[in-house]
Amino acid sequence: MFMSVLSGLVVSVDAFFIGLSLGLQKKCKFLYLAVINAFLFGLCILGFFVAGQIYELIPFEPDYIVGFAFITLGLWTIFHYFIAEHIRRRKGSTDEVNISIKTIIIVGIVMSIEAMLITMGLTLLFIPDSTLIIPIIVALAHFIYSTLSFHLARTRHVKRIPAALSHVVSGIALITYGMMALFVEIGI
């Protein structure tokens, strides 16, 4: 039980950086973040029940799926940022990127699906000891981390943090958790 709660808190760290990036956008209001997190909570609950149903259908140990999925998600987070940044600079754009409402909605959907996958991964990893506390912890951690960083982003000190740092730390957190899931299965 303790490990599932700790895992939910650790893998939700990326929500801190999502809240930070949304908080730096003038168009984004706190209400948008609250709606995103309400949708995220629903998907976490859905992910918990879906994982419980598919557990028996997986012919091999689900720790491998969880581990490789988190490592892939972490690498994608890091590389996607650097590739997008390279393309933006190559086009000659040096000004700050100001996101639209449509982009905020897409970020919310991606963040919610990612939280659902986290919930599914934790549920599969800790079956048969998985309880409803897993999706609740994941959703609450996402809400607390993103809310805290959203409000921090509105201060003048946080605006100096390089954008690359948020993507790299978020990706490393996901990769680390994926490696932990693999190491548990391997027995290291």
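This section describes three helix packings and one pocket in a predicted model.

The packing of helix α3 (residues 30-54) against helix α6 (residues 133-153) is considered first. Their axes lie 8 Å apart and enclose an angle of about 165°. Because angles over 145 degrees count as roughly antiparallel, α3 is assigned as roughly antiparallel to α6. The crossing of this pair is right-handed. On the α3 side, the contact comprises F30, L33, N37, L40, F41, C44, I45 and F48. These residues meet P135, I136, V138, A139, H142, F143, S146, T147, F150 and H151 of α6. By class, 13 nonpolar and five polar residues form the contact of α3 with α6, and no charged residue takes part.

Helix α6 also packs against helix α1 (residues 2-10), with an angle of about 30° and an axis separation of 8 Å. Since angles under 35 degrees count as roughly parallel, α1 and α6 are classed as roughly parallel to each other. The crossing of α1 and α6 is right-handed. From α1, the residues S4, V5, G8 and L9 are in contact with I133, I134, I137, V138, A141 and Y145 of α6. The contact of α1 with α6 contains eight nonpolar and two polar residues, with no charged residue. V138 of α6 appears in the contact with α3 and also in the contact with α1.

A further packing involves α4 and α5, whose axes are 9 Å apart at an angle of about 150°. The two helices are therefore roughly antiparallel to each other, and the crossing of α4 and α5 is left-handed. Helix α4 contributes P62, D63, V66, F70 and L73 to the contact, while α5 contributes E114, L117, I118, G121, L124 and L125. In terms of class, the contact of α4 with α5 includes eight nonpolar residues, one polar residue and two charged residues.

The second largest pocket holds about 170 Å³ of space. Its lining consists of I54, I65, V66, A69, F70, L73, L117, I118, M120, G121 and L124. Two elements, α4 (62-90) and α5 (101-126), each give two or more residues to the lining of this pocket. Several lining residues, among them V66, F70 and L73, belong to the α4 side of the contact between α4 and α5. The lining likewise includes L117, I118, G121 and L124, which α5 supplies to that contact. By class, the lining of the second largest pocket has 10 nonpolar residues and one polar residue, and charged residues are absent from the lining. The contact of α4 with α5, by comparison, has two charged residues.

Note on methods:
Residues numbered from 1 in each chain as written. Predicted model: local features only at pLDDT ≥ 70, side-chain atom pairs only at ≥ 80, totals over all residues. Heavy atoms only, no water. 1 Å grid on protein atoms, 1.4 Å probe; cavity = no way out; pocket = protein on both sides within 12 Å on 5 of 7 lines; lining within 4 Å. Points joined across faces, edges and corners; volume = space filled by probe spheres on them. Helix = DSSP H or I, 4+ residues; strand = E, 2+ residues; numbered from the N terminus. Nonpolar A, V, L, I, M, F, W, Y, C, P; charged D, E, K, R; others polar. Axes fitted to C-alpha atoms, helices over the stretch in contact; angles between N-to-C directions. Parallel < 35°, antiparallel > 145°, perpendicular 65-115°, else oblique. Left-handed = near helix turned anticlockwise from the far one by under 90°. Contact = heavy atoms within 4.5 Å.
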